[in-house]
Amino acid sequence: MSTRIGIEQIQVGMVIDKPIYKHNGVLLIPRQTTITPRVQQLLKEYLVEYIDIEEKAAMPIATSTEAIKETEAFKVFDQGMLATTENLRSTLSHVAHTDEALDVQTLVAEVDNLFKKADNNIQLLDMMYCMRSYDDLTYTHSVNVALMCHIMGRWLGLSEEDMQVLSLCGLLHDVGKVDIPQEIITKPGRLTKEEFDVIKEHPVKGYKILEKQAIDERIKAAACMHHEKCDGTGYPKGLKGEQIDDFAKIVTIIDVYDAMTANRIYRKGMCPFKVVEALIDEGFEKYDPKYLLLFLERITETYINKPVRLSNGQEGNIVMINKNDLSHPIIQIGNEYINLSIHKQITIEAIL
Ligand SMILES: [Fe+2]
């Protein structure tokens with residue numbers, strides 16, 4: 001049996017259990033290759049995110065949230081995130097209240113810079129997940145969505161240019177919230193109908209702020225359309241399927257995922273696997289299936305090897321994702337394996 005691990009968890013001496021191919025289908029590394037520093041380098045160069053290794057070699061790999069927070073890479077990322085968030089706050093407020101041109105190149109550079117603080121997508125998502133206990137301000141959420149859009153762009157195989165536009169779509173999608181009263185945005189618990197009506201104005205407000213800017217039209221569309229749903233139940237216009245811009249559809253999915261997993265002052269964020277389950281149960285009519293499925297498949301894979309606590313109190317590691325049942329992975333507890341797809345009475349309570 002092999003175990004899938006993230007690239008940042010590989011160690012010299014482990015043995016690769018399944019062949020690794022380049023994007024064009026050419027073999028990169030054959031199976032049974034022992035990892036050397038050179039192999040590690042190749043995997044990095046070809047942006048390989050996970051590998052399957054022989055289980056006997058896969059021992060010291062689980063990385064808990066607490067352990068990640070202690071790493072130097074996390075501390076650097078944490079500082080970078082704080083600076084980017086502050087810059088975004090002042091840039092957006094400035095853009096909303098003046099006619100000056102929005103400097104998208106600087107914004108792109110900020111996100112890129114943050115992106116480069118991680119060696120790969122999994123490490124980046126891990127560090128973003130660890131930041132969730134800090135705060136949930138609009139700007140942190142926007143930077144999160146921008147980073148995840150960047151990753152999604154890679155998963156979709158977009159060009160560098162399109163990836164930057166998608167990233168900006170994420171960064172600027174909530175710009176219309178700049179003038180929504182903070183007490184409504186941060187209100188704990190349910191909003192009144194009047195308050196929700198005020199919140200619902202932010203896509204149109206956002207579009208108006210960006211309208212005159214000489215920026216890609218898809219960024220404006222994302223600000224305006226990121227609360228539209230494919231079945232017509234969204235706002236502000238109740239657009240359906242094809243009427244919604246593709247990049248806006250992607251931002252919508254990531255926006256919902258980040259909002260549901262984020263901690264709020266008044267509630268803890270939902271466990272990612274519960275969010276995945278909710279999105280599978282009711283998401284395929286609301287969100288474009290071609291983006292939703294790819295996102296869910298790839299995001300669940302990033303949790304492989306994470307330590308978890310189950311609803312029966314046991315703790316173990318996620319060792320495999322069930323392709324046909326993404327929200328119910330296989331958990332290893334000591335020498336035992338529990339397939340949550342079969343034992344549906346047991347759920348993942350928390351990622352540790
Ligand atoms: Fe929004």
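**Helix packing, sheet order and domain layout**

In the predicted model, helix α11 (residues 217–225) packs against helix α12 (residues 246–261) at an angle of about 45 degrees, and the two axes lie 8 Å apart. The helices α11 and α12 are therefore oblique to each other, and their crossing is right-handed. On the α11 side the contact is formed by R218, A221, A222 and M225, and on the α12 side by F247, A248, V251 and T252. Sorted by class, this contact between α11 and α12 comprises 6 nonpolar, 1 polar and 1 charged residues. The loop between α11 and α12 contains P236. The peptide bond that leads from Y235 to P236 is cis, with omega near 10 degrees.

Helix α12 also packs against α13, here at an angle of about 140 degrees and with the axes 9 Å apart. An angle over 145 degrees would count as roughly antiparallel; the value for this pair makes α12 oblique to α13. The crossing of α12 and α13 is right-handed. Residues V256, Y257, M260 and T261 of α12 meet P272, V275, A278 and L279 of α13 in this contact. Its composition by class is 7 nonpolar and 1 polar residues, with no charged residues.

Helix α13 (residues 272–286) is in turn placed against strands: α13 lies across β6 (315–322), β7 (325–333) and β9, and runs at about 150 degrees to β7. These strands belong to an open sheet of 5 strands, arranged in the order β8-β7-β6-β5-β9 with antiparallel pairing. The edges of the sheet are occupied by β8 (336–339) and β9 (348–351); each has a single partner strand, so one side of each is left without a neighbour in the sheet. From one strand to the next, the twist averages 40 degrees.

The pairings at both edges can be described in further detail. At one edge, β9 pairs with strand β5 (residues 307–310) in the antiparallel sense over 3 bridges. Within this pairing, R309 has A350 of β9 as its bridge partner. At the other edge, β7 and β8 pair in the antiparallel sense over 4 bridges, and Q332 has Y337 of β8 as its bridge partner. Strands β7 and β8 form a hairpin with 2 residues between the strands, in which G334 adopts a positive phi near 60 degrees.

A positive phi is also found at a residue that is not a glycine, namely L47, where the value is about 55 degrees. Residue L47 is located in the loop between α1 (37–45) and β4 (50–54).

At the level of the whole protein, the domain assignment gives domain 1 (2–57), domain 2 (65–269) and domain 3 (307–351). The C-alpha centres of domain 1 and domain 2 are 33 Å apart. The contact between domain 1 and domain 2 involves 7 residues from domain 1 and 8 residues from domain 2.

Notes
Residues are numbered from 1 along each chain as its sequence is written. This is a predicted model: local features need pLDDT of at least 70, side-chain atom pairs count only at pLDDT 80 or more; totals for chains, interfaces and linings use all residues. Side-chain values use heavy atoms; hydrogens and water are left out. Axes are lines fitted to C-alpha atoms, for helices over the stretch in contact, and angles run from 0 to 180 degrees between N-to-C directions. Angles under 35 degrees count as roughly parallel, over 145 as roughly antiparallel, 65 to 115 as roughly perpendicular and the rest as oblique. A crossing is left-handed if the near helix is turned anticlockwise from the far one by less than a right angle, and right-handed if clockwise. Contact means heavy atoms within 4.5 Å. Ala, Val, Leu, Ile, Met, Phe, Trp, Tyr, Cys and Pro count as nonpolar, Asp, Glu, Lys and Arg as charged, and the others, Gly among them, as polar. Two strands pair if DSSP finds at least two bridges between them. Domain bounds come from an automatic or database domain assignment.
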